[in-house]
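Colleague: I am new to this structure and would like a close look at a single part, the place where the two chains meet. Could you take me through it slowly, with whatever background on the chains I need in order to follow?

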Amino acid sequence: MSSDSETSVDAESEETPVVKKPEEKQVELPAFEKGISDKIIEKFGDKVYVTFVKEDRVGIGTSRENVHDVAEFIRDALNYDHVESVSGVDYPQDKEIEVVYHIGSYSDPSLARQILALSTRAQREENPIPGNDATKLPTLRDVFYSVEFHEREVFEMFGVYFEGHPDNRRLLLPEDWADLPPLRKDFTIKGR
Amino acid sequence: MTTELPTTSEIQIDKPSLNWLPPGLGLQKVDERIMTLNVGPQHPGSGHMRLIVQIDGDYIIACDPDPGYVHRGEEKMAEYRNYILNIPHLERPVIHDSCNVLYPYVLGVEELLGIEVPERAKYVRVIASELNRCIYIMYWLAIYGIFLGHSTMFMWPAGDRELLIDLMEKMTGARVTHAHFVPGGVRNDLPPNFEEVCLRQVNYFEKRIKEYAAVFYDNPILISRTQDTGVLSRQDAIRLGTTGSVLRASGVDYDLRKKEPYDVYDELDIHTNVMKEGDAYARSKIPWLDMMESCNIIRQALQKMPKSGSVRVKLKPNPKGKVFDSVYKRVESGRGSLGYYIVSDAKPEPYRLKMSVPSFRNLIALPYLLKGEKLGNMPSVYWSLNYWPVEADR
C-alpha cells in the first residue's frame with residue numbers, strides 16, 4: 001500500500017514540476033542573515049528586493065540604475081570587501097541577462113561565513129553586437145576592485161558591456177571569435 | 001624616462017598606467033628604453049598562458065596576463081549533461097586536485113536535490129580531499145622547485161607524491177582522475193585494511209616533508225631569491241579578492257575549513273597557517289605548512305570515522321532540481337576557496353553552472369606584484385601564486 005502511494009506522489013510531481021516550488025514555506029528565517037537583508041531594505045526601500053534568505057546566504061536583487069549605490073552601501077555600511085564570483089545567467093524567456101555578484105568579507109570576522117548575492121538584470125538583444133547594443137550595466141570595479149577580470153569574462157561570454165570598466169578586452173576567448181557570446185542559451189554546441 | 005622605479009608597496013593599483021593596451025604579438029619597441037616581451041604561451045615557465053611583459057632594462061614596468069589558451073567551456077558543457085554525468089568532466093580542470101574541485105559541486109547538488117549524506121561518507125570525503133590536497137601541493141612544489149633551478153626539489157616531491165597516489169589508487173581505483181565524489185556520498189567504500197595502510201603512509205610522508213626544510217626552505221639561495229620579492233600587503237590582498245595561500249601569506253586568517261566548515265570539518269581540530277610577510281617566500285611556505293596540517297586532519301579523521309556503515313545514498317535516475325533554485329557552495333581547495341554557483345531548472349541538467357576558481361581570482365594580483373620587479377624574479381613570483389592555468393581557463 002505504502003509503495004503505491006509513494007509512486008503516485010512521484011508521478012504527480014514529475015508531471016507538474018512547478019508545484020514543487022516551496023518558496024513561500026513558513027520557515028523561520030535565520031536571524032543574522034535576516035538582519036543583513038533588513039538593513040538593505042531599510043536603506044533602499046522599494047528599489048531592492050530580497051530574492052532569498054538562507055543559512056549563510058543572502059540574495060538581493062536590484063535594477064541596473066541602483067546597483068552601483070547598493071554595492072557602495074554594502075561595502076561601506078555592511079563591511080563586505082571583495083567579490084568572489086561574477087556570474088551571468090541568460091533568461092531568453094524574460095529577454096534579460098542576470099548578472100550575480102557573490103560578495104564576501106575577509107576583514108569582518110562575523111561575516112566570514114556569509115555570502116551576499118547581489119543580482120541585477122540587463123536587457124537582452126536577439127542579435128547581439130557586444131559592446132554596441134543595449135545590453136549594458138554599470139561597472140562595479142570602482143567599488144570592488146576584485147571584479148575586474150570577472151567582468152571581462154562576463155562581457156565576452158554573455159555580451160554584457162560594463163560601462164566605466166577601463167579594460168573591456170577579451171580574456172579567455174580567442175581574438176578572432178566572431179560568433180554569438182558562447183554562454184548565451186541560443187549558442188548551441190554542434191551535434192547536440 | 002625616469003630611472004627611479006617604485007617598489008611594489010608604493011604602487012597605487014588604481015593608477016591608469018596599469019590599464020595599457022597590449023601591443024600584440026612579437027617584440028615591439030614602444031620607446032627608446034621600453035621593450036615588450038611575450039612570455040609564453042609555449043614557454044613552460046609561464047604555464048599554458050601568455051604574459052605580455054614590458055621591461056625597462058631588467059625591470060618589469062607592466063605585465064598583462066593573457067589566459068585562455070586551455071579554455072574548454074566546462075560551464076557550457078555542464079548545461080548539456082545531467083547532474084551525475086557532469087562529475088567526470090568537471091574534475092578535468094585540476095586533475096591532480098580532482099576531489100577538491102568536485103567537492104563544492106557535490107555539496108551544491110546535494111542541497112539542490114535535498115540529499116542527506118551518511119556519516120561515514122563524510123569522513124571518507126574529508127580523508128580523500130586532504131590526501132588530494134597534499135598530492136596537488138607536491139606537484140606544485142615540484143614545479144616551483146625546478147623553475148627556481150633546484151632540481152632536488154623537483155625530484156623529491158615528485159617521488160614522495162607517489163606514496164599518496166598509491167593510497168588514492170587503493171581508495172578509488174584511479175591514480176589521478178578519481179571521480180570519487182558523487183551526490184549522496186562517495187562511489188566506493190574504503191578497501192579492507194585501508195586505515196592502517198593510510199596511517200602508516202601518512203606518518204612516513206610527514207616525516208619526509210619535514211626534511212624539505214633543510215634542503216629547500218632554509219636554503220639561503222631560495223631565501224635570497226624569494227624574500228621581499230613580490231610583496232602583497234594585507235590590505236591589497238583583501239582588496240584584490242585573493243584567496244588561499246596568497247591571502248594567508250599576507251596575514252589574513254581565512255580558511256574555509258575553519259570559517260565555514262562543511263561536512264565534518266567542524267568536528268576536527270584544524271590549525272590555520274598564517275604568515276605576515278606577504279612575499280614570495282611566505283607564499284611558497286604556506287602550502288608546505290598546509291601539508292603537515294593535512295596529515296594531522298587525516299589522522300584525526302581516521303580515528304573518528306565510524307568503522308562501518310553506508311557510504312552512499314542511491315539517487316533516483318535523472319534527479320531534477322526546482323525551478324530556478326540557486327545555490328552557492330564553496331570549499332577550501334589546494335589553491336584556495338573554490339565555489340560553484342548552480343542554478344537548477346525542472347530538468348535533469350543544471351540551467352547554469354559557474355565555477356569560481358581560486359586560480360582565476362589570484363591572477364588579478366599578478367600584474368600588480370610584477371610591477372617593479374626584476375625580470376629574473378618573474379618565475380618565483382608567478383609560481384608562488386599557486387596558479388594553475390587550466391583551472392583558471394576552465
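Modeller: This is a predicted model, and a good place to start is chain A, whose secondary structure comes to four helices and seven strands. Read along the sequence, these elements follow the pattern α-α-β-β-α-β-β-β-β-α-β. Chain A has 192 residues, of which 49% are buried, and among its contacts between residues at least 6 apart in sequence, 55% join residues at least 24 apart.

Helix α3 of chain A, residues 67–76, shows what lies inside this chain, for its buried residues are A:Val67, A:His68, A:Val70, A:Ala71, A:Phe73 and A:Ile74. The cover over these buried residues of α3(A) includes α2 (31–44), β1, β2 (57–62), β4, β5 (115–123) and β6 (136–138) of chain A.

Turning to the partner, chain B has an average pLDDT of 85, and 91% of its residues score at least 70. Some care is needed with residues 5–29 of chain B, where the pLDDT is below 50, although this stretch has 50 contacts in the model beyond near neighbours in sequence.

With that background, we can come to the interface itself, where 53 residues of chain A are in contact with 59 residues of chain B. The two chains bury about 4700 Å² between them, and 54% of that area is on carbon and sulfur atoms. The rule for polar contacts finds 20 residue pairs across the interface of chain A and chain B, counting pairs in which both residues are at pLDDT 80 or more. On the side of chain A that touches chain B, the elements giving two or more residues are α1 (2–15), β1 (48–54), β3 (82–91), β4 (96–104) and α4 (148–158) of chain A. Of this side, β3(A) provides the largest share, with nine residues. Sorted by class, the side of chain A that touches chain B holds 23 nonpolar, twelve polar and 18 charged residues.

The charged residues deserve a closer look, since side chains of opposite charge can pair when their charged atoms come close. Between chain A and chain B the count is six salt bridges, while over all chains the count comes to 39. In one salt bridge between the chains, B:Glu260 pairs with A:Arg57, their closest N and O atoms being 3.1 Å apart. This pair joins two chains because B:Glu260 lies in the loop between α11 (256–259) and α12 (280–304) of chain B, whereas A:Arg57 lies in strand β2 of chain A. B:Glu260 is buried, with a relative accessible area of 9%, and A:Arg57 also counts as buried, at 8% relative accessibility. Both residues belong to a network of salt bridges that links A:Arg57, A:Glu84, B:Glu260, B:Arg330 and B:Arg361. Another salt bridge between the chains is formed by A:Glu153 and B:Lys354, whose closest N and O atoms are 3.4 Å apart.

It helps to set these beside salt bridges within chain A. The side chains of A:Asp94 and A:Arg121 meet in one of them, at 3.1 Å from N to O. A:Asp94 lies in the loop between β3 and β4 of chain A and A:Arg121 in strand β5 of chain A, so this pair ties together parts that are 27 residues apart in sequence. A:Asp94 is partly exposed, with a relative accessible area of 39%, and A:Arg121 is partly exposed as well, at 21%. A second example is the salt bridge of A:Asp186 with A:Arg124, where the closest N and O atoms are 3.3 Å apart. Here A:Asp186 is in the segment after β7 (161–163) of chain A and A:Arg124 is in the loop between β5 and β6 of chain A, so that the pair links distant parts of the chain, 62 residues apart. A:Asp186 counts as partly exposed at 33% relative accessibility, whereas A:Arg124 counts as buried at 7%.

Finally, chain B offers a charged residue of its own to compare, B:Glu332, which has its place in strand β7 (residues 325–332) of chain B. B:Glu332 is buried, with a relative accessible area of 1%. Its side chain is joined to that of B:Arg248 by a polar contact of 3.3 Å, and the side chain of B:Glu332 also reaches the backbone nitrogen of B:Leu256 at 3.1 Å. Leaving aside neighbours within four places in sequence, the residues in contact with B:Glu332 include B:Asn100, B:Arg133, B:Tyr262 and B:Ser337.

Key: Residues are numbered from 1 along each chain as its sequence is written. Chains are lettered from A and ligands numbered from 1 in the order in which they are written. Side-chain values use heavy atoms; hydrogens and water are left out. Contact means heavy atoms within 4.5 Å. Buried area is the accessible area (1.4 Å probe) that two parts lose on being put together, summed over both. A salt bridge is a side-chain nitrogen of Lys or Arg within 4 Å of a carboxyl oxygen of Asp or Glu. A polar contact is a pair of N or O atoms within 3.5 Å; within protein, one must be able to donate a hydrogen and the other to accept it, and residues adjacent in sequence count only if both atoms are side-chain atoms. Ala, Val, Leu, Ile, Met, Phe, Trp, Tyr, Cys and Pro count as nonpolar, Asp, Glu, Lys and Arg as charged, and the others, Gly among them, as polar. pLDDT is the predictor's confidence in each residue, from 0 to 100. Buried means under 20% relative accessible area, exposed over 50%, partly exposed in between (1.4 Å probe, protein chains only).
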